[in-house]
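This report describes a protein structure for a first-year reader. Please examine the sequence and the model displayed below before reading on.

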Amino acid sequence: MTLNASPRLPLRLPFAKRSGRVPFPNPFTPSMPLPVWVPAGAAFFLDGVNDRAWVRGASFMSLADLALNAAYGTFSRASTGLYLPTSGVYQSFTSGQIRRGDKGMLIEPATLNGFKNSGMSGYTLGYTGSGGSMPNMGFGSTGATINSVDVLANGLTAIDFSWNYTNSTGTVQYPRFSNQVADMPAAAIGQLWRASAYIEVISSNFGMSLLIQERDAGGTYLSGVSAGSIVAPGFYEASRTLQTAGVAKTEWAFGPAVPAGQTLVSRVRIAAPQLEQNSKRTTPIITPQNSTATRAADALKILPDAGTYNITVTFDDNSTQVLSGQVITGAGWTVPTNLNRAYVKTIAGYAA
Amino acid sequence: MIDHLLHFEDKAACDAVFQPPADGSPAWLEERGTVMPVRLVVADAVYDPELDAITMPEAIATGYWVACRCEIKSEVLVAMPECLTVTDTARAKAGVPYVLLSRIASDTVLARVEPVFAGDDYPWPPGATGAFLQENLIASP
């Protein structure tokens, strides 16, 4: 008696969740109906929110599994990286790990944070004029009292300091919390720099701004201040194209203008200061004491059948970007790191 | 991850081996691994706040340096005479011998490598010499 005259069914359904690293190509041909979660007509589909992918007729029940099957996809990022889910608490991902969560996958270019010690290590509490210190950072001639170093609700480490200063000079003064002059990154005229940080002004009798300033090779302040703005609750950002002849260093600076005869009384908390050369701000890169640090690019590559595709990218805010006429060869297609937004919900490729 | 530190005479010599992208990216992925130009800081700049000026400029090791980070040790890179050290970041973090290769003389003072790949500080202490690397060589099986 023939027990099984029909073709054998796969031992596991193609869409079943699995935990191993064994490839799980879909046994059906691409002419068979697509999985219900793949858009009609799509030739390939990456779902960053639900962590699954469909490439060349094969289902992958996680993006990590896709990246482990070199015939279908690869992933590389030679450094750690942070991810901000909707909970608002940063998650850390190790080297080679796809940054993914409820906002989708995070795809960013290689970026250098030129602000040293953004992780706030090696500090001594107290007044900076008498023992208190935070390596790689300074308060100029006014000094400040470093009260504590704490982990904020978003998971980043912040310096908490009190800043009290009486301006007895007769002219307006500009106290600044900044990266140390000797630690400012090299820069050149025409370069676009971007400063950012989580900043909480707990109390202050003067308004404060995040600024980018320009200095010459000897560290002398030149000119040119681009005042930043608060782009999200507690998050400041400023950008500036350097424009002063002789500029050789970039300064990340935060502070008020104190009129003659006035006294500043304030308390401020700052986390993850960042100084980067990018057209868009990227997620925080935590730098160690005495060094800048580079977050390598998120290089997610897929290998659909060679051809020409129109690719629709859907972002975390549900906006979309269409990449038309993408010619994909046997070498595959790497998700661009200069998309309209960094958090990507889905990527759907359609034969053009 | 495995870091290979390479020293070239100048940028042109380096560019003949590694091809940096035109966009000036601080690091890039190529077949051999992720390549990041670095500087070797021999002495930090000294700033005098009273003068608001740098009184001693930063001292940088001569030549052109790159760190190339790979999943595994690259025999292609190791075969290049420009490759001076090969280190295992995971072993360094674990506090066990982590040096796979050192071609640095034992009395050479090691400079600070900057920038670092995010998440990993460079695994030798300030002021260490090439002897430190020899002491941290992974014993041959």
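P115(B) is found in the loop between strand 10 (112–114) and strand 11 of chain B. In this predicted model, the peptide bond between E114(B) and P115(B) is cis, with omega of about 0°. As a rule, most peptide bonds are trans, and most residues other than glycine have a negative phi. Two residues of chain A, M120(A) and N290(A), are placed side by side in the table below, since each has a positive phi without being glycine.

| Residue | Phi | Loop in chain A | Relative accessible area |
|---|---|---|---|
| M120(A) | near 60° | between strand 9 and strand 10 | 2%, buried |
| N290(A) | near 70° | between strand 21 and strand 22 | 30%, partly exposed |

**Where the two chains meet**

Which strands form the sheet that draws on both chains? An open sheet of three strands has the order 9(A)-22(A)-11(B), and its pairing is mixed. At its edges stand strand 9 (111–113) of chain A and strand 11 (116–117) of chain B; each has a single partner strand, so one side of each is left without a neighbour in the sheet. Strand 22 (residues 293–295) of chain A and strand 11 of chain B run parallel and are joined by two bridges. Within this pair, A293(A) stands opposite V116(B).

A118(B) belongs to the loop between strand 11 and helix 4 (130–135) of chain B. Is A118(B) buried or exposed? Its relative accessible area is 4%, so A118(B) is buried. Setting aside residues up to four places away in sequence, A118(B) touches S79(A), T80(A), I285(A), A293(A), T294(A) and R295(A).

**Chain A as a whole**

Chain A contains one helix and 27 strands. Along the principal axes, its C-alpha atoms fill a box of roughly 105 × 40 × 30 Å. Of the 352 residues in chain A, 50% are buried. Among contacts in chain A between residues at least 6 apart in sequence, 65% join residues at least 24 apart.

The exposed surface of chain A is about 14700 Å², of which carbon and sulfur atoms supply 54%. Chain A carries 25 positive and 18 negative side chains, and the centres of these two sets lie 6 Å apart.

**Sheets and strands of chain A**

Strands of a sheet pair through backbone hydrogen bonds, either parallel or antiparallel. In chain A, seven strands form an open sheet with antiparallel pairing, in the order 10-12-13-21-15-19-18. Strand 10 (126–127) and strand 18 (229–232) occupy the edges with a single partner strand each, so one side of each is left without a neighbour in the sheet. Further in, strand 13 (residues 157–166) and strand 21 (residues 263–276) run antiparallel and are joined by nine bridges. Y165(A) stands opposite L264(A) of strand 21.

Strand 20 (residues 249–255) of chain A deserves separate attention. Seven of its seven residues are buried, so strand 20 is largely enclosed by the rest of the structure. In a regular strand the side chains alternate between the two faces of the sheet. Both faces of strand 20 are covered: K249(A), E251(A), A253(A) and G255(A) are buried on one side, and T250(A), W252(A) and F254(A) are buried on the other.

Strand 20 has antiparallel bridges to strand 14 (residues 177–179), two in number, and to strand 16 (residues 209–215), seven in number. F254(A) of strand 20 stands opposite F177(A), and F254(A) is also the bridge partner of L210(A).

**The nonpolar cores**

Which residues have the most contacts inside the largest nonpolar core? This core has 33 residues, and those with the most contacts inside it are I159(A), F161(A), F177(A), W252(A), F254(A) and I270(A). At least two residues of this core come from each of strand 12 (145–151), strand 13, strand 15 (192–204), strand 16, strand 19 (235–241), strand 20 and strand 21 of chain A.

Leaving aside neighbours within four places in sequence, the contacts of I159(A) include M120(A), F139(A), F177(A), V268(A) and I270(A). M120(A), one of these partners, is the buried loop residue with the positive phi listed in the table. A second, separate core has 27 residues, among them L40(B), A61(B), A111(B) and L133(B).

Conventions:
Residues are numbered from 1 along each chain as its sequence is written. Chains are lettered from A and ligands numbered from 1 in the order in which they are written. This is a predicted model: local features need pLDDT of at least 70, side-chain atom pairs count only at pLDDT 80 or more; totals for chains, interfaces and linings use all residues. Side-chain values use heavy atoms; hydrogens and water are left out. Helices (H or I, at least four residues) and strands (E, at least two) are DSSP runs, numbered from the N terminus. Buried means under 20% relative accessible area, exposed over 50%, partly exposed in between (1.4 Å probe, protein chains only). Contact means heavy atoms within 4.5 Å. Accessible areas come from the Shrake-Rupley method with a 1.4 Å probe; for residues, only the protein chains shown count as cover. Lys and Arg count as positive and Asp and Glu as negative; His and the chain ends are not counted. The place of a charge is taken as NZ of Lys, CZ of Arg, CG of Asp or CD of Glu. Two strands pair if DSSP finds at least two bridges between them. A nonpolar core is a set of buried Ala, Val, Leu, Ile, Met, Phe, Trp, Tyr and Cys residues joined through side-chain atoms within 4.5 Å.
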